Structure formats: C-alpha cells, structure tokens
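Please walk me through this protein and DNA model. I would like short questions, each with a reasoned reply.

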Amino acid sequence: MDVTTIINSLNDAQRLAVTAPSQAMLVLAGAGSGKTRVLVHRIAWQIKVEGVSPHSILAVTFTNKAAKEMRGRIENLLSISAHNLWIGTFHGIAHRLLRRHAQQARLPETFQVMDSGDQLRVIKRLLSNLNFDDKQWPPKEMQWYINAQKDEGIRARHCVETGDSHDRQRLIIYKAYEELCDRSGLVDFAELLLRAHELLRDNADVLEFYQKRFTQVHVDEFQDTNTIQYAWLRLLTDGKDNLFVVGDDDQSIYGWRGAKIENIYSFQRHYPNHQIIKLEQNYRSTGTILKASNKVITNNTGRMGKELWTDAGDGDLISLYAAFNEQDEAYFVVDRIRAWVNEGGIRSDTAILYRSNAQSRQFEEKLMATGTPYIVYGGLRFFDRAEIKNALAYLRLIANRHDDASFERVINTPTRGIGAKAIDEMRNIARDQSVSLWSAAILLINQRTMSARATNALIVFLELIKSLENDIEELTLDEKVKRIVEKSGLMALYQNEKMDKGDEKIENLEELVNAAKLFEFDKDNEDKLGEVDMFLSYAALEAGVSQSEESEDCVQLMTLHSAKGLEFKQVFLVGLEEGLFPSQQSVDDTGRLEEERRLCYVGMTRAMQQLYLTYAESRRLYGRETYPRPSRFLREIPAELLQEVRMRATISRPVNAVQAKSAKFQTQGSYKLGQRVSHAKFGEGVVLQIEGEGAQERVQINFKSAGVKWLMLAYAKLDIL
DNA sequence: TTGTTCCAGCTTTTT
DNA sequence: GCTGGAACAA
C-alpha cells in the first residue's frame, strides 16, 4: 500500500501529529480542524508504516457514534477489517474488561449493566427500605452524590467519618447501595469505570497483560475525561510514553458531569516527554464565523490558547435578530428556514440550537404549523421507554434471577395480584438475610405467612419465569423476545383499550423484536458472552438515540450539548438571553460561566456558511412574563461582524389569523402616541411609542398598574378606548 | 388496583 | 404554565 494515501490529504500540523514517532502526544484540535481525521490517520500510519499490529492498538471515545465512525473510517482508509482493533467507549471497553476478568473484578459472571434510570429506581427503593424520607433525601441528589464519588474513585469505605450527621447518613446510603448492587450483580455506569480501574490497579497480572498488549493508546475528546477515566489511562500506559490524546480545552462542556479539563494540564506533568501539536486551520466555517468565535472564547481565562483560521473567504456577516418575544423568535427562524428551502436549500443542512430542551416547543409549533418536517434530538431513547424496559427486565431476570432491579420491575407488571404488602415482605426478608428478592420470595412462600391468594400469585410468578426460561432456551433471539413479550402478558396489557398510547407501545415492542432480529451476534466475540447477554449489554450501553430514524429531509433541533461534533450549513443559535444562556445557575460562578461560554463557542463553530443569533426581549418562562437582557456573549462579538436583521416586510402567505388581525389594525392606522388602550391582563394604559410594521408592529404602553411594557400588536389583545 | 387530583419543580446528558 | 410523580379516594 502506498503511504501517500495516508498523509497526502493532510496539512502540515496534521501530518506532524500523524507521523510522529511513538511518544506521549497532546493534539489540541480546534473545532472543525480535522480531529477525527488525525486520529484515524495516526492509527492507519502506525499499522501500515510502523508495522504495529492492530491487535496492539486501543482507541477510546466517549460515544458509540464516534467509535463507530472511527472504526469505519480506518477500515475505509486501509481496506482492512478493523475487527481485532479495540475501538470503543470508555464504558464499553471497561465492560469488556470486566466480562473477561469478572472473577478478578469480584463480580459474578452474570452481572448486568444498569442504566441511570435503573440506578435511580434502585436508590429510591433503597431509601424507602432504610426508612429515609425522600423529601429530605431526594433520590436524584443521592444518585448524583454516589456517581460523583465513584467518578473520583472514592468508595464508601474511603469516605472519612466527619462529625456532620448529614454526611454520615449519606454515607450509610452509599454503603447500602454498594452492598445491594454487589448482592444483585448490578453495575451502574460509574461503577463500570471504577471497577475497571480497580481491576488493573489490584491485579498485577491483568495490568501487565494489557500494558504489554496495548503498545498504542489513543483517546478522543480528552478534555471530557473524568478523574477515574484518566487514572485508568495512566495505569494502562504507566512507564511507557504511548498515550496519544486529542482534545480541545475550549470545547469542554461536561464539567458538570465530572469531566476534568485539568486532565489536559496534568497530562503535561505526568508525561514529561510529551509533544503538543495545535491544529488551528479550520475547514468548516467562514472567516467571519471564526473571527467571532475566537473573540468570544478569548474572554475565558486559563486557556491553552488557540486561534482558528481558514483560507476560505470571510463569507456573510452573522445575522442578529432581536425578537419581541419567543413566539416572534420562532416565527422569524421558521420564516428564514422556509425562504432557504424555497431557494433550494436542504432542510437537514439547517439546525436550531438552544440551551435547554424546553425551548424546542415554540419552534416545533411553528414548524408544524407551516408543515415543515423537523426532528428533535434528545428525546426519550428507544431503550429507555417503559414498555421496552419491562420486556428487557423479563429477559434479564431469566438470565439472572438475583437481579433485584428487574425482579421488582416486572413482579407486578402486568398486575398479577402481588401488591405492595407482599413486595414489602420480600424486601424485609431480603434485607435481613442479605439475599436476593428471588430467594426471599421462595422463603416467603415456604413460610406460608401470607394469605393463600398472595402466596399463590407469587408461586405463579416464579413458575412463569422458570417456564419461560425453559421455553425460550432453544429459540433464536428475536423469538425469545417475542415469546417473552407474549407470555409475560405485556402484550395483552398494552392491547387493553384503556391503556393510553397502547398502540404506540405495542409498536415499540414489535420494534424490539425486530431489533433482536437485526442484532448481529458475534459468536467468536472476545468476551465469551452469550447472545442474550450481548443483547442486554447492547441495550444498556449502546442504545441508539431513536430506533426508527426519519429518512425524510428534516430541520434539525437540538440542545447545544448534543450539537457538539456536528456541523450545518445554516445554524440558528436561539435564546441568547441572560438567565437562559448563560443560564441563571451559572452567572454567579466564574468557572461555570466559562463553561457556558465554551458552549457558546461550540454552538457558533457548528455553522459552516450562515450563523443566525437571536434573542427575545420578552419571554414567557414558567408561566411568567420575563424581560431578559441580551446575552453577554452577544456583546463579546465585534459589532462589525454582525448585521441586525428585521423580518421581511412582506410575508409570502399571510394566511394565519394572527397576521390577518394585525393587518386589520394596520389599515385602521389605529395607534397614535398618547392613545388610550386597555389590555385584558394589564388593564388601562397609554401608548408611548410605536415601532415596526406588519406582523412586527409593536407598541410601548404605560399601564396604570402594570407599568411600561412593549407589546406586539400581532399577539397582544388590545382594545382602543 | 385504578383513576383522579394535587403539588413541586423547572439546565445541559452519554454511558 | 406545564409536566410528571405521589398521594389519595373509590
């Protein structure tokens, strides 16, 4: 193979990184500077030129999507199967290690992965078991606390006793949670990482094996690693300068989730022989967009320092739209998108990016009203749906009867006459004797202390699980799922007409059977896992965003966080208001404010050609009218890069009632300065100023009781007095 | 056991 | 102002 195909398409900085001799390397890759490309070509270079065996290469990412893309691109570039290359997410790789070395990790072979929903339910149950008031001990907070401890590598037994009773109580909960998970063979996401770290730390033979095996270790999005992930990487590369990390300190937006931007600084200390390469040439955005983004991010302190540039032209100015309210903002955005499509633009080249999910609604309504296809990212994921989790819980319980979380999930779903009382009894027995709920159920039956009816119901349930296990043994995976869904009574439950959204749930269950059918089981997988276990791990760890992707050409709606790594020709960054973006919770804290600014930087650098920034002068928030200030980030953009835009005076089709109404007002020319008006909510007032025209006409009114307000004629219900 | 009503809460989210 | 969850009644 010709080496030139690997390095030909690279710029100087990229080539330097790709062809560097094996050494600790930090590639600071700005947005759109070819970060993935460097990683992919680096690995290809090592295999083809340095003669490194694919077997010796490890590449770690944060998302399954990134892992998949990287694998695909390597295979493409080298025309080889990257089968024996370890590319995966931190969690995926940790999971694999734990499966292979379950015993040394002190885990049962049948351990199951819990997602955060499962984890929360376990914690809730635990709290009520221990008689903790969940008003005083919000389960969400406890979950956050436990995960934060684990992210830092702190076990309950490491926590130092303080005199503080709150701390002590919290520790009791953490400890009980650990015990419960151990007993049930349950592993949460944070535990995967922590356990994998401990596995290497405490088993010299395992550590040595992997240190020898992986001569090259690569990490994507290094700025997002947390303490334990970095500690794990350090163990794996200890004494060898073979850690190649790619990241961008300016795009670190997951600090609130435990990511330590400091790891980039520590890296330089821990690997003194490292080399740093900056990738600053951007292949995505126009010069104007880059200049503005650079300017915004320079307001942050303690950066590694980096300035994006492009040899493409400046392009258009950034458009700024000051909306009257959130309705108007949505109206403007949708109007622009329709104009774009009319001129032949592709809808999926357009993204609406917002700070918080709640903001999507206005845009959805307007898009729907105009019949513009759109897709909102970040909704409930397929494998997170209740009906899917129920079905999988049966599968898990059959695979591992001591999985208490699954046991409790399905014991009375569908209802089979096992009420709260019986379940309480089982919990007590389980707690007192340190056994699983399944074992407790058997004990309870043998005790014969419950009513005959309850005892019977319990026997029926246990028999159901046992018989299902027998039934499905010989079936293919999709048949297994199908049989379980039917025999468990889940199908019948959702077929019941009274069940709301029953049809949808049935469809989802059918989709699950379909997913099982499509699931590619690798018999020779390195982890010696059975098909069912593989499928369950897949559901927990790799659950795709939404199962059935819309193939239609759609406008893309998502939060700024989920936009990271993506690019669009046209980007609308909306809701640029103090209190919203930056969010209220972040404005008093420099660190958090800087993370918001990085988020803004991420959002702006998503745009390839045209960037629109919008804010509303009034916004309904929590049912209250607010009058936010424009975001400080707007002021950080040089004015000469901005262009204030107004809505086009003529709107192509004035069909909707709102416009018709404002048109009527216009023809009457009804508002003059000093005109007395009355408003349904604000009462009587006097017109002070008039601005704009058509659907954009607005008036400033001094209300007797409510004070001075700007109102849009198109929306305000005003009567002339 | 189910359906209703009431009440708190309300960034960002992958694994 | 809306939504999801919990508490309550039937």
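The turns below cover conventions, cavities, the DNA surface, cores and single residues.

Me: Which pLDDT limits apply to local features and to side-chain atom pairs?
Reply: This is a predicted model; totals for chains, interfaces and linings use all residues, while local features need pLDDT of at least 70 and side-chain atom pairs count only at pLDDT 80 or more. Residues are numbered from 1 along each chain as its sequence is written, chains are lettered from A and ligands numbered from 1 in the order in which they are written, and side-chain values use heavy atoms, with hydrogens and water left out. The limits asked for are pLDDT of at least 70 for local features and 80 or more for side-chain atom pairs.

Me: How many cavities of 30 Å³ or more does a search of the whole structure find?
Reply: A cavity is a set of points, on a 1 Å grid over the protein atoms alone, where a 1.4 Å probe fits but cannot get out. Grid points are joined across faces, edges and corners, and the volume is the space filled by probe spheres set on the points. The largest cavity holds about 160 Å³, and the second largest about 30 Å³. The count is two.

Me: Which element gives the most residues to the lining of the largest cavity?
Reply: Lining residues have an atom within 4 Å of a cavity point. Of the 16 here, D115, D118, K389, L392 and R396 are the closest to the centre. Two or more lining residues come from each of α6 (116–129), α16 (386–399), α17 (404–410) and α24 (531–541); helices are DSSP runs of H or I with at least four residues, strands are E runs of at least two, and both are numbered from the N terminus. The top contributor, with four residues, is α16.

Me: How many charged residues are in the lining of the largest cavity?
Reply: Asp, Glu, Lys and Arg count as charged; Ala, Val, Leu, Ile, Met, Phe, Trp, Tyr, Cys and Pro as nonpolar; the others, Gly among them, as polar. The lining has eight nonpolar residues and one polar. The charged residues number seven.

Me: Which class makes up the lining of the second largest cavity?
Reply: The lining consists of L58, W86, I93, L97, L200, Y210, F214, W232 and L236. Helices α5 (90–100) and α11 (227–236) each supply at least two of these residues. No polar and no charged residues appear; the nine are nonpolar.

Me: Which residues are around DNA strand C?
Reply: A residue is near the strand if one of its heavy atoms lies within 4 Å of it. Sugar and phosphate make up 53% of the strand C atoms that come within 4 Å of the protein. The nearby surface has one nonpolar, one polar and three charged residues. They are K124, R361, R620, Y622 and G623.

Me: Is Y622 buried or exposed?
Reply: Y622 sits in the loop between β14 (607–621) and β15 (624–626). Its phi is positive, about 50 degrees, although Y622 is not a glycine. Buried means under 20% relative accessible area, exposed over 50%, and partly exposed in between, with a 1.4 Å probe and protein chains only. At 82% relative accessibility, Y622 is exposed.

Me: Which helix gives the largest share of the largest nonpolar core?
Reply: A nonpolar core is a set of buried Ala, Val, Leu, Ile, Met, Phe, Trp, Tyr and Cys residues joined through side-chain atoms within 4.5 Å. The largest has 55 residues, and those with the most contacts inside it include L392, I418 and F461. Another core, of 41 residues, lies apart from it, with W86 and L236 among its members. The largest share of the 55-residue core, nine residues, comes from α20 (452–472).

Me: Which residues does V485 touch, not counting those up to four places away in sequence?
Reply: V485 lies in helix α21 (477–487). Its relative accessible area is 2%, so V485 is buried. Contact means heavy atoms within 4.5 Å. The partners are A391, L490, M491 and L509.

Me: Where is P582, which a cis peptide bond joins to F581?
Reply: Omega of the F581 to P582 bond is about 5 degrees. P582 is in the loop between β13 (568–573) and α26 (590–604).

Notes
On a 1 Å grid over the protein atoms alone, a cavity is a set of points where a 1.4 Å probe fits but cannot get out, and a pocket is an open set with protein on both sides within 12 Å along at least five of seven lines; lining residues have an atom within 4 Å of a point.
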